[in-house]
Amino acid sequence: MKYCLEEPDYKLSPYTGMTKKHWIETCHLFLEGIFSHVKEFQDPIVIPHSGDKVSYPQPDAPEWRYAAEKFEGLARSFLIAAPLLVNEPEAIIASYNLKEYYKNQILASVTPGTNSYLYNLEEIKKSAKEGEHAFQHTCECASLVIGLTISENIIWNHYTEAEKDIIAEYLSEFGHSRTGHHNWRFFNMLILAFLDRHGYQIDKGVMRDHGACILSYYAGDGWYRDGHRFDYYSPWAFHVYGPLWNQWYGYEQEPEMAAKMEEYSNELMDTYPNMFDINAHMIMWGRSSIYRSAASAPLAANLLLRNSTVDRGLARRILSGNLLQFITKEECFVNNIPCLGYYGPYEPLIQSYSCSASPFWIANSFLCLALPDEDEFWTAIEKNGVWENRDVPIEETTLDGPGMNLTNYKETGTVELRCGKVLVKKGDPLLSEYSRLSFNSILPWEVFDFIGPEAMQYSLLYKDKGSTQIPNILLYAGEKNGVLYRKEYFDFEATFQDKASIDLADFPVKNGLIRVDKARIPDKPYILYLGHYGLPVMDTENISIEEREKNGAKAIIAKTQDLQVAMVIYTGFDLLAVKENFSKNPVTDESILIYAESKRDNYYEYRDYVLITAILHKRDNTFWSDEELFPIEQITFEDKEKCGGYGKITVKHSNGIETIIDYEGIEGNLKI
């Protein structure tokens with residue numbers, strides 16, 4: 001099922017070979033897969049359930065959830081069909097006239113008595129849980145109006161006035177209803193804007209309230225806080241729907257709000273391209289990662305603004321590369337559909353609000369297909385942004401607003417993300433998706449199992465407990481002299497009192513991160529683990545483990561055919577080891593985890609407070625030189641016992657550069 005790029009144009013698109021023709025081909029690929037599940041012209045789009053225990057509808061779900069499943073199939077596939085119809089108005093998919101299918105199916109979906117009817121709001125409420133007031137239908141109504149607007153001359157304008165009124169009445173009910181207190185505000189805004197554009201009455205006070213609320217979420221550096229989190233919902237919701245709303249409504253009727261949304265989108269464009277690696281691949285990070293390359297959608301949406309600032313050649317390069325990251329992989333498709341996972345199926349990634357059609361939010365990036373052939377987005381030569389300057393080995397971007405740091409490693413072509421404003425309820429499955437010391441574009445996170453070492457995080461085991469504790473709050477203290485300072489607490493609930501914590505200080509070198517962390521764990525005895533990224537094992541015969549040592553520093557290298565990780569311990573840890581994991585990694589069933597271990601038995605002893613490690617990676621199979629593998633030449637402590645209990649720490653790199661770590665003032669600068 002995977003996409004095979006044929007007749008690439010490397011003159012126009014030197015990095016991907018992708019042109020508008022290839023984007024249209026991907027529309028056909030997706031839609032052919034979707035319509036392989038539509039047996040008759042009048043049938044709704046229902047994708048077979050994957051059999052997982054998380055996504056909806058589960059067997060005991062109320063009937064409206066089954067209707068929501070149909071609605072996602074209709075609305076999200078329409079986000080792909082609508083831009084295709086702009087380019088091919090008479091497109092045929094699986095023997096169906098695409099234009100006629102959606103024209104008929106949309107009307108049938110809001111008409112009681114049809115097989116496709118989706119239920120109205122009052123009917124849904126009858127079987128809703130107590131206190132439930134926001135429903136998936138609101139989200140899908142927003143996707144529906146995006147598709148109807150893109151294909152306005154092909155579908156909407158061909159309804160009779162009576163048919164338009166039926167659809168508008170259905171949309172208005174959800175547009176004016178209660179919604180979620182986060183990015184969902186935009187769903188209502190788009191529905192109302194669509195209705196207003198077509199002459200239907202809306203409550204403009206409701207619209208204004210939603211817009212004011214959306215602007216209140218803005219944190220700076222182009223990022224909105226969604227609810228209480230920072231994740232891809234900022235780019236793939238706020239920065240897609242904002243430009244659309246501006247076009248449809250804001251510029252004319254709420255110019256002050258529209259100006260802010262435009263300003264914030266352009267601010268995101270200043271640094272957001274650095275979130276993608278040398279191949280324009282994204283990082284697996286946060287919830288809803290099943291939406292995949294929707295992450296690049298704000299680069300297309302920015303083009304809809306009156307004063308767009310995104311570089312067109314860079315935007316197309318990232319959009320195309322991000323799309324190719326997934327659609328060229330056979331394992332990404334199950335039942336001819338992008339699966340509920342990242343590359344292959346991966347249940348730890350699935351949320352309860354997702355169904356089998358949900359991955360088609362990937363179509364947010366297909367907004368670019370509504371641009372005409374002559375638009376500069378399609379005619380500009382591809383650029384690769386930060387990756388074109390190889391003279392600077394490391395490029396860092398610190399964003400105080402969302403509390404994030406991006407590192408672009410020119411040596412490996414990877415991008416690493418370190419987050420500092422993270423709060424997740426202890427034990428919540430979302431811990432795996434947010435609570436990490438860093439996220440890497442080529443080494444996806446592994447699910448936590450709470451039984452020992454974990455990938456890219458500390459875990460704490462008290463000897464009288466059966467499971468480990470995982471930090472569930474990461475506080476941001478900012479960057480100073482090239483060092484990022486944060487702090488994390490284990491099993492945080494309502495107070496920091498008596499809770500174990502780690503002062504975090506880290507900075508990049510050529511092949512990864514140096515960690516200079518300070519343990520602040522009051523209770524004893526304990527075992528503290530620190531894990532590297534999990535290394536996917538494709539072929540057990542091509543995996544090798546190597547141990548090396550230099551001047552007391554111990555290193556382990558785990559190597560596959562084209563990827564390797566290495567971990568070095570300098571101070572604070574008692575041992576360095578390797579663990580085999582199964583069914584934890586989103587890429588392969590088997591993975592290798594290098595980890596360090598520190599044991600403490602006695603209360604109130606003055607010894608090795610500071611945990612110094614190197615967390616390294618390579619994107620090839622080459623030999624590690626001593627300078628690469630052991631990037632620290634010397635460590636100097638100010639306290640006379642050389643334990644780092646107080647005072648500054650100076651790290652002299654193998655190339656002679658010195659970095660000073662100073663924890664003083666962290667407590668007063670912590671932010672969430």
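Is Asp 491 buried or exposed? That is a good place to start with this predicted model, and the points below take up Asp 491 along with a few other backbone details.

1. Asp 491 counts as buried, because its relative accessibility is 17% and the cut-off for buried is under 20%. The residue sits in the loop between β14 and β15 (501-509). Its phi is positive, at about 50°, even though Asp 491 is not a glycine.

2. Asn 481 makes a nice companion to look at. Here too phi is positive, about 55°, in a residue that is not a glycine. You will find Asn 481 in the loop between β13 (471-480) and β14 (483-490). With 71% relative accessibility, Asn 481 counts as exposed, because the threshold for exposed is over 50%.

3. Next, the peptide bonds. Where Tyr 56 meets Pro 57, the bond is cis, and omega is near -5°. Pro 57 belongs to the loop between α1 (20-35) and α2 (63-87), so if you are browsing the model, those two helices will guide you there.

4. Which residues does the cis peptide bond with omega of about -10° join? They are Lys 524 and Pro 525. Pro 525 is placed in the loop between β16 (512-520) and β17 (526-531).

5. For a quick check in your viewer, here are the spots again: positive phi at Asn 481 and at Asp 491, and cis bonds from Tyr 56 to Pro 57 and between Lys 524 and Pro 525.

Note on methods
Residues are numbered from 1 along each chain as its sequence is written. This is a predicted model: local features need pLDDT of at least 70, side-chain atom pairs count only at pLDDT 80 or more; totals for chains, interfaces and linings use all residues. Side-chain values use heavy atoms; hydrogens and water are left out. Helices (H or I, at least four residues) and strands (E, at least two) are DSSP runs, numbered from the N terminus. Buried means under 20% relative accessible area, exposed over 50%, partly exposed in between (1.4 Å probe, protein chains only).
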